[in-house]
Amino acid sequence: MSLINYSSREINVKIVYYGPGLCGKTTNIQYIYDKVTPETKGKLITLATEMDRTLFFDFLPLELGKVKGFRTRFHLYTVPGQIYYDASRKLILRGVDGIIFVADSQRSRYDANIESLYNLHENLGDYQLKLDDIPYAIQYNKRDLLDVISVKELEEELNPKHYPAFEAVAVKGTGVFDTLKAIAKSVLRNLS
Amino acid sequence: MVRTNWKVFEEDYWAINTILQELLKNSNSSSVLLLDKTGQLISSLGEPPQFDLHSFASLCAADFEANAQLAVLIGEKDFSTLYHQGSNESMYLARVEQNIILVILFDKRTTLGLVRLRAKKALDNLETVIRRLYGKLEYENEENTEFNEEFVQQAEVEIDSLFTD
Ligand SMILES: Nc1nc2c(ncn2[C@@H]2O[C@H](COP(=O)(O)OP(=O)(O)OP(=O)(O)O)[C@@H](O)[C@H]2O)c(=O)[nH]1
Ligand SMILES: [Mg+2]
């Protein structure tokens, strides 16, 4: 739900990080928060359990300088990946303008990725949306670990339509900004 | 229906702010905010807050929407208002039309009764403005001359320079 305010000359857009529990969504947003300049970022909000598992969402507002007189703001959200929190996930998806699906490359998390992607389709369906309607990218995270599935195999199962895909090691920041930049650009392109 | 995209035009913005300004004054509150239910801030008036407004707005929307879901679970259609009482600062949240939320922050300088009373009038007026705005959106043709190729290219340069390690 992008909001364009012609009077205060602001554009707000919403980008959601989706994916199974522990795949690294919060890690992505935390890395971005640590690296961008203070003028670019607002306050990072995380609603998590004591175990650092996202309970409701993380939220980080990022702001571009003025472009043709308009101030553009990206609202980044992560959903809680644990299956149990589906009601919260659905709420966060409301009004989404762009989605990043973070997949966990570990073999042991193969089924969890498929499950979560299926859940994403279902929850979008409840808002009469399809993945094809929204700027979308997939991130294969945790490429640093030993027992990871090949990108080719992951593509076949999780990304048969070949949406933009990025390999990442979110703990080190590898691929984090590449993924964000790609989605941020296609969301703005979608406005015009 | 969930509105997927929307816009606020100059005259509506001023109409909204006039209503909020009056509410701020006649309810004696510290600040008033208007946001959409996805947490995007439309306008805010009053004492400049000491916190990040956009994060605050996102939490307000989440709070309100989570409560709306609770309402459905116990068989209510909605909780159209919420009240959080603190020892110094309190908050009153109310739905304006299905997509918009009004948030009022107030302290001991006023009372819940007065805030609620003034909010009621403001909600009616806001609803009229919002409906008019929606009407315009339906008739507006989708040509968006301001967000052309030039805008996108300049924005991309900004993205490349700001979103980096
Ligand atoms: N080795 C490795 N560990 C990672 C990577 N990315 C994240 N992690 C770790 O994975 C764990 C879970 O990361 P989070 O970012 O909290 O996961 P999440 O997706 O937010 O999980 P939920 O909030 O439960 O949905 C943390 O211990 C991270 O440090 C990575 O690229 N490589
Ligand atoms: Mg998390």
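**Burial, contacts and a ligand site in a two-chain model**

Author: B:Leu126 lies in helix 3 (residues 112-139) of chain B; helices here are DSSP runs of H or I with at least four residues, strands are runs of E with at least two, and both are numbered from the N terminus. The model is a predicted one: local features need pLDDT of at least 70, side-chain atom pairs count only at pLDDT 80 or more, and totals for chains, interfaces and linings use all residues. Residues are numbered from 1 along each chain as its sequence is written, chains are lettered from A and ligands numbered from 1 in the order in which they are written, and side-chain values use heavy atoms, with hydrogens and water left out.

Reader: Why is B:Leu126 called buried?

Author: The relative accessibility of B:Leu126 is 0%. Buried means under 20% relative accessible area, exposed over 50%, and partly exposed in between, with a 1.4 Å probe and protein chains only. B:Leu126 therefore counts as buried. Its C-alpha lies 9.3 Å from that of B:Leu102, and the two residues are 24 apart in sequence.

Reader: What makes up the rest of chain B?

Author: Chain B holds four helices and six strands, and their order along the sequence is β-α-β-β-α-β-β-β-α-α. The chain has 165 residues, of which 50% count as buried. Its C-alpha trace spans about 50 × 40 × 35 Å along the principal axes.

Reader: Why does B:Thr38 count as buried or exposed, given that a loop is its place?

Author: B:Thr38 is in the loop between strand 2 (31-36) and strand 3 (41-46) of chain B. Its relative accessibility is 4%, so the residue counts as buried.

Reader: What makes the link between B:Thr38 and B:Asp36 a polar contact?

Author: The two side chains are joined at 2.8 Å. A polar contact is a pair of N or O atoms within 3.5 Å; within protein, one must be able to donate a hydrogen and the other to accept it, and residues adjacent in sequence count only if both atoms are side-chain atoms. The side chain of B:Thr38 also makes a polar contact of 3.3 Å with the side chain of B:Gln40.

Reader: Why is B:Asn28 called partly exposed?

Author: B:Asn28 has a relative accessibility of 42%, and so it is counted as partly exposed. It is found in the loop between helix 1 (10-27) and strand 2 of chain B. Its phi is near 60°, a positive value in a residue other than glycine.

Reader: Which residue of chain A has a positive phi although it is not a glycine?

Author: A:Lys142 has a positive phi of about 65°, and it is in the loop between strand 7 and helix 4 of chain A. A:Ile149 is also placed in the loop between strand 7 (136-141) and helix 4 (151-158). A:Ile149 has a relative accessible area of 1%, so it is buried.

Reader: Why is A:Asp111 called exposed?

Author: A:Asp111 has a relative accessible area of 58%, and is therefore exposed. It lies in helix 3 (residues 110-126) of chain A. By contrast, A:Leu3, in strand 1 (residues 2-5) of chain A, is buried because its relative accessible area is 2%. The C-alpha atoms of A:Leu3 and A:Gly95 are separated by 9.8 Å, with their positions 92 residues apart along the chain.

Reader: How many residues surround ligand 1, and which are the closest?

Author: Ligand 1 is surrounded by 19 residues, the closest being A:Lys25, A:Thr26, A:Thr27, A:Arg53 and A:Gly81. A residue is near the ligand if one of its heavy atoms lies within 4 Å of it. Helix 1 (residues 25-35) of chain A gives the largest share of the shell, three residues. The shell divides into eight nonpolar, seven polar and four charged residues; nonpolar covers Ala, Val, Leu, Ile, Met, Phe, Trp, Tyr, Cys and Pro, charged covers Asp, Glu, Lys and Arg, and the others, Gly among them, are polar.

Reader: Which polar side-chain and backbone atoms lie by ligand 1, and how much of the ligand does the protein bury?

Author: A polar side-chain atom of A:Thr27 is 2.5 Å from an oxygen atom of ligand 1. An N or O atom in the side chain of A:Asp144 is 2.8 Å from a nitrogen atom of the ligand, and a polar backbone atom of A:Ala170 is 3.0 Å from an oxygen atom of the ligand. Taken alone, ligand 1 exposes 650 Å², of which the protein buries 80%; accessible areas come from the Shrake-Rupley method with a 1.4 Å probe.

Reader: Where does ligand 1 sit?

Author: Ligand 1 sits in the second largest pocket. A pocket is an open set of points on a 1 Å grid over the protein atoms alone, with protein on both sides within 12 Å along at least five of seven lines, and a molecule sits in one if more than half of its atoms lie within 2 Å of its grid points.

Definitions and conventions. 1 Å grid on protein atoms, 1.4 Å probe; cavity = no way out; pocket = protein on both sides within 12 Å on 5 of 7 lines; lining within 4 Å.
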